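Me: I would like to learn how to read a few features of a protein model. Could we take them one at a time?

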Amino acid sequence: MEFTAKQIAEFIGGRVEGNDNTAVHTFAKIEEGQPGAISFLSNPKYTHYLYETASSIVLVNDDLELEQEVKATLIRVKNAYEAVAKLLQLYESMKPKKTGIDPLAFVSPKATLGKDVYVGAFACIGDGAVIGDGTQIYPHVVIGEGVKMGEKCLIYPNVTIYQGCKIGQNVTIHAGSVIGADGFGFAPNVEGYDKIPQIGIVIIEDNVEIGANTCVDRSTMGATVIHKGVKLDNLIQVAHNCEIGENTVMSAQVGMAGSTKIGSWCMVGGQAGFAGHIHVADKTFVGAQCGVIGDTKGNGEQLIGSPAMDPKVYFKGMAILRRLPDMYKEMSALRKELEELKANK
C-alpha cells in the first residue's frame, strides 16, 4: 500500500515541508534511502545523510535547521523517533494475521481456544489451558497444563510455558524463551543437595514483551511477577519470586537472583546483575555491567560499576585507577629512598 506525505502527516500530527502528494510504500534507514521509502532523522550524527538520501520522505524534528537544500519531502514532528515508531506499529498491524490450527499441532480436547487463534505445526497445548481470542502460537511451542493466556498474544517458535502460569493480554514472547521453569532451590545436606519443590507460578501482565532465550523461573511459593508494560531483551534471567515493576526495561544478559524486587519505570543496561532479596526503587537507572548488591536509595538514582555506586564516584575512582601503575612506581621509589636514609642514619 502507498501513503502520501499528507496522509502520514495527518496520522502522526506532523507538518509537511515539500510536496504533499509524495507517496511511499516502504521504510528505509536514512543512510540506505531509496525512492518510495520513508526514513527518519533523530540522531544529529546522521544529519549529513539528510542532504544525500534517496528516500522520498524523511521525518525530522521540528527544531531541525537546514544547512542546504533537501531533495526529499520533509515531515516535521515533535519527536521523529516516536513518530516512526507509531508508523511502524501501524505497518505491523496491517500485516495479515494467521488463524486456524495446523493439522500437525496437538491441542488437548480439555483446552479452550478463543476466536481466530492460530496454532502452528508441532505446537502442543495441554489439558486445561485457556487461550484468548486472536492469539498466535507458532510452531514447536509448548503450552503446559492449566496455562491461562489472554487475547492477542504472540508466542514465537520453541517457547515453553510451564504448567499453571498466567499470561495477560497483548504479550509477546520471542523464540526459545522459557516461562515457569523451576527456580534454583536446593538445600545442602551431608551427602549433597535436596531439591526444594517449586510449587508457585509465573504471572506476566498485559503488554509485556520478552526477548529470545530469556528465562523467567516459577516461584517457590506464590508467584514470580512481571508487571504490565515491562520490556525484557534477549538472554535475561529472572529468578524465582522476583518482581519487575510496570514499564521497566532491561537490556540483554541481565541476571536477577531470587526474590529481587525491581520498581516501576527503571532502566537496566546490559549484563547488569542483582543480588537476591533486595529492592530497587522506582525510576532507578542501572548502567551496563553494574552489580547491585543492596537496596537502592530512591527514585531517580543513577548507578554504575560493581559494586554499584554513584557515577561521579565511579568515574573519580576510575581516574585514580588509571594512575595506579605510576603511583606504585613513586611509592616504591620513596620506600627505597626511605630505607637508604635509615641505613645511613
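Reply: We go through the sheets, the cysteines and the aromatic rings in turn. Keep in mind that this is a predicted model.

Me: What holds the strands of a sheet together?

Reply: Strands of a sheet pair through backbone hydrogen bonds, and the pairing is either parallel or antiparallel. Here, an open sheet of 11 strands shows parallel pairing, in the order β8-β11-β14-β17-β20-β25-β28-β31-β34-β37-β39.

Me: Which strands stand at the edges of that sheet?

Reply: The edge strands are β8 (100-101) and β39 (302-303). Each has a single partner strand, so one side of each is left without a neighbour in the sheet.

Me: What is the partner of β8, and how many bridges join the two?

Reply: The partner is strand β11 (residues 118-119), which runs parallel to β8 and is joined to it by 2 bridges. At residue level, isoleucine 101 has valine 119 in β11 as its bridge partner.

Me: How does strand β21 pair with β26?

Reply: β21 and strand β26 (residues 215-217) run in the parallel sense, with 3 bridges between them. One position to look at is isoleucine 179, which stands opposite valine 216 in β26. Strand β21 (residues 178-181) is also joined to strand β18 (residues 160-161), again in parallel, by 2 bridges. In that pairing, threonine 160 has valine 178 of β21 as its bridge partner.

Me: Now the cysteines. How many disulfides does the structure have?

Reply: A search of the whole structure gives 0 disulfides. The test is distance: two cysteine sulfur atoms have to lie within 2.5 Å.

Me: Why is there no bond at cysteine 242?

Reply: The closest cysteine sulfur belongs to cysteine 215 and is 13 Å away, which is too far for a bond. Cysteine 242 counts as buried because its relative accessibility is 1%.

Me: And why is there none at cysteine 290?

Reply: Its closest cysteine sulfur, in cysteine 266, is 12 Å away, so that pair is too far apart for a bond. Cysteine 290 is buried too, with a relative accessible area of 1%.

Me: How is a pair of aromatic rings described?

Reply: By two values, the distance of the centres and the angle of the planes. This structure holds 7 aromatic pairs. Ring pairs also link Tyr118, Tyr138 and Tyr156 into a cluster.

Me: Which residue lies over the face of phenylalanine 11?

Reply: That is lysine 86, at 5.1 Å from the ring centre.

How values were computed: Residues are numbered from 1 along each chain as its sequence is written. This is a predicted model: local features need pLDDT of at least 70, side-chain atom pairs count only at pLDDT 80 or more; totals for chains, interfaces and linings use all residues. Side-chain values use heavy atoms; hydrogens and water are left out. Two strands pair if DSSP finds at least two bridges between them. Helices (H or I, at least four residues) and strands (E, at least two) are DSSP runs, numbered from the N terminus. Buried means under 20% relative accessible area, exposed over 50%, partly exposed in between (1.4 Å probe, protein chains only). Rings of Phe, Tyr and Trp (its six-membered ring) pair if their centres lie within 6.5 Å; planes under 30 degrees apart count as stacked, over 60 as edge-to-face and the rest as tilted. A charge sits over a ring if NZ of Lys or CZ of Arg is within 6 Å of the ring centre and within 35 degrees of the ring normal.
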